[in-house]
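Subject: Structure handover

Dear colleague,

I am passing on the structure below, and after it you will find what came out of going through it. Please read the notes with the structure open beside them.

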Amino acid sequence: MSDQQLTIAVIGAGGKMGMRVSNNLQRSSHTVRYAENSPAGRQRTTDAGRTVTDSAEAVVDADVVILAVPDIALGPVSADLVPQLRPGTIVLTLDPAAAYANLLYQRADIEYAVAHPCHPSVFLQRKTEAELNDTFGGIAAPQEVVAALESGDAGKQAVAEEVIRQMYAPVLDVHWVTVKQLAYLEPTLVEVVACMVGDLLNEALQETVHTVGVPEPAARAMLMGHVQVALANGLRGDNPFSDACLIAMDYGRDKIIKDDWKSIFNDAELDHVLKQMLHLDHIER
Ligand SMILES: NC(=O)c1ccc[n+]([C@@H]2O[C@H](COP(=O)([O-])OP(=O)(O)OC[C@H]3O[C@@H](n4cnc5c(N)ncnc54)[C@H](O)[C@@H]3O)[C@@H](O)[C@H]2O)c1
């Protein structure tokens, strides 16, 4: 951990992530500048008691520049701002997609890092009302973070980790991986699979209620409890699934899952999904 006093610029400070990280950084001992170009985002920033600074002014002496702008804007925004930075500045993005797709403006004397919040674990032992309500993280419920630093410089990593721990606080741990590994975590593991399954559960609930006619409170109660059992048994091995349940699970897998679904863990498929997410014709390698 670094105990250095840092100057941090948040670009896109009035967006969803910009507001979250700014709320936390504002409470830190570091000097923080907030830049935002949309009128609504500027309003949100000032309503939160923060002053909006022009981007060029915000980044001029920054140690760390956080690009909290949409992934599809990271190419043009980095091309505009990165040439203005001091050598050694850390440019921190919040999602690996643009870094992995080589969309960030490159400069050899700049450090690029990516830090994605894990969100509080479904198995977190929550003790307070505030922790119970904080499903996203960054307010009361502790979470972990997965991050990547392209150069692997230990000093820069310590500085980046200090900012990451402040902006996503409370943070239990920061796991350092490569940009490619982070891209396989998000989108592949958590959006392509986990979020898709979460949405599928809701579709299955709607079918049970509206097609079969089961009263919604009964269907919802049955599903919510069983989701917890499915996760506890499936991901943590709390109890074995019953023999009959294993037969039903095999039927479900056979009926719902394609035989070649694990191809999502191939590089070509990662490029395929990233291309769609970033609205690109192809991924530069
Ligand atoms: N929303 C989430 O749940 C979430 C979670 C983890 C990571 N992320 C990542 O965080 C980043 C930001 O996503 P978001 O959902 O907060 O986006 P958002 O659209 O909510 O906010 C982006 C903000 O950036 C501003 N902006 C755009 N161009 C700008 C510029 N040139 N100068 C200054 N401000 C500019 C916009 O006005 C907007 O207020 C993305 O990389 C995203 O992948 C988002």
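In this predicted model, a polar side-chain atom of Glu36 comes to 2.5 Å from an oxygen atom of the ligand. Two further polar contacts involve the backbone: a polar backbone atom of Lys16 is 2.9 Å from an oxygen atom of the ligand, while for Asn37 a backbone N or O atom lies 3.3 Å from a nitrogen atom of the ligand. The ligand on its own would expose 840 Å², and of that area the protein buries 78%.

Turning to the surroundings of the ligand, 19 residues are found around it, and the closest of them are Lys16, Met17, Glu36, Asn37 and Asp71. By character, this shell is made up of 8 nonpolar, 7 polar and 4 charged residues. As for the site itself, the ligand sits in the second largest pocket.

For the overall picture, the protein contains 11 helices and 7 strands, and its C-alpha trace spans about 65 × 45 × 35 Å along the principal axes. Of the 285 residues in the protein, 38% are buried.

Helix 2, which covers residues 39-47, can be described through three of its residues, beginning with Pro39. Pro39 has a relative accessible area of 67% and therefore counts as exposed, the cut-off being over 50%. The C-alpha atom of Pro39 is separated by 9.2 Å from that of Gly14, although the two residues are 25 apart along the chain. Arg44 also belongs to helix 2, and because its relative accessible area is 39%, which falls between the limits of 20% and 50%, Arg44 is partly exposed. Between Arg44 and Glu162, which are 118 residues apart along the chain, the C-alpha separation is 26 Å. Asp47, likewise placed in helix 2, is exposed, with a relative accessibility of 60%. The C-alpha atoms of Asp47 and Pro117 are separated by 25 Å, with their positions 70 residues apart along the chain.

A buried position may be set beside these. Val146 is part of strand 6, which runs over residues 143-149, and it counts as buried because its relative accessibility of 11% is under the 20% cut-off. In space, Val146 lies 9.0 Å from Leu185, C-alpha to C-alpha, and in sequence the two are 39 residues apart.

The backbone geometry deserves a separate paragraph, and the background to it is that most residues other than glycine have a negative phi, and most peptide bonds are trans. Against that background, the peptide bond from Ala169 to Pro170 is cis, with omega near -5 degrees. Pro170 is located in the loop that connects helix 7 (154-167) with strand 7 (171-176). A cis peptide bond also joins Glu186 and Pro187, where omega is about 20 degrees; Pro187, for its part, lies within helix 8, residues 179-212.

Where do the histidines with a positive phi lie, namely His119 and His279? His119 is in the loop between strand 5 (111-117) and helix 6 (129-133), whereas His279 belongs to the segment after helix 11 (267-277). Phi of His119 is near 75 degrees, a positive value in a residue other than glycine, and for His279, again a residue other than glycine, phi is positive at near 55 degrees. As to accessibility, His119 has a relative accessible area of 27% and is therefore partly exposed, since this value lies between 20% and 50%. His279, by contrast, reaches a relative accessible area of 62%, which means that it counts as exposed, the cut-off being over 50%.

If you go back to the structure with these notes, the ligand site may be a convenient place to begin, with the contacts of Glu36, Lys16 and Asn37 as reference points. The backbone features can then be looked up at the Ala169 to Pro170 bond, at the bond joining Glu186 and Pro187, and at His119 and His279.

With best regards

Key
Residues numbered from 1 in each chain as written. Predicted model: local features only at pLDDT ≥ 70, side-chain atom pairs only at ≥ 80, totals over all residues. Heavy atoms only, no water. Near = heavy atom within 4 Å. Polar contact = N/O pair within 3.5 Å; in protein donor to acceptor, adjacent residues only side chain to side chain. Areas by Shrake-Rupley, 256 points an atom, 1.4 Å probe, with all protein chains shown as cover. 1 Å grid on protein atoms, 1.4 Å probe; cavity = no way out; pocket = protein on both sides within 12 Å on 5 of 7 lines; lining within 4 Å. Sits in = over half its atoms within 2 Å of the grid points. Nonpolar A, V, L, I, M, F, W, Y, C, P; charged D, E, K, R; others polar. Helix = DSSP H or I, 4+ residues; strand = E, 2+ residues; numbered from the N terminus. Buried < 20%, exposed > 50% of the residue type's maximum accessible area, 1.4 Å probe, protein only.
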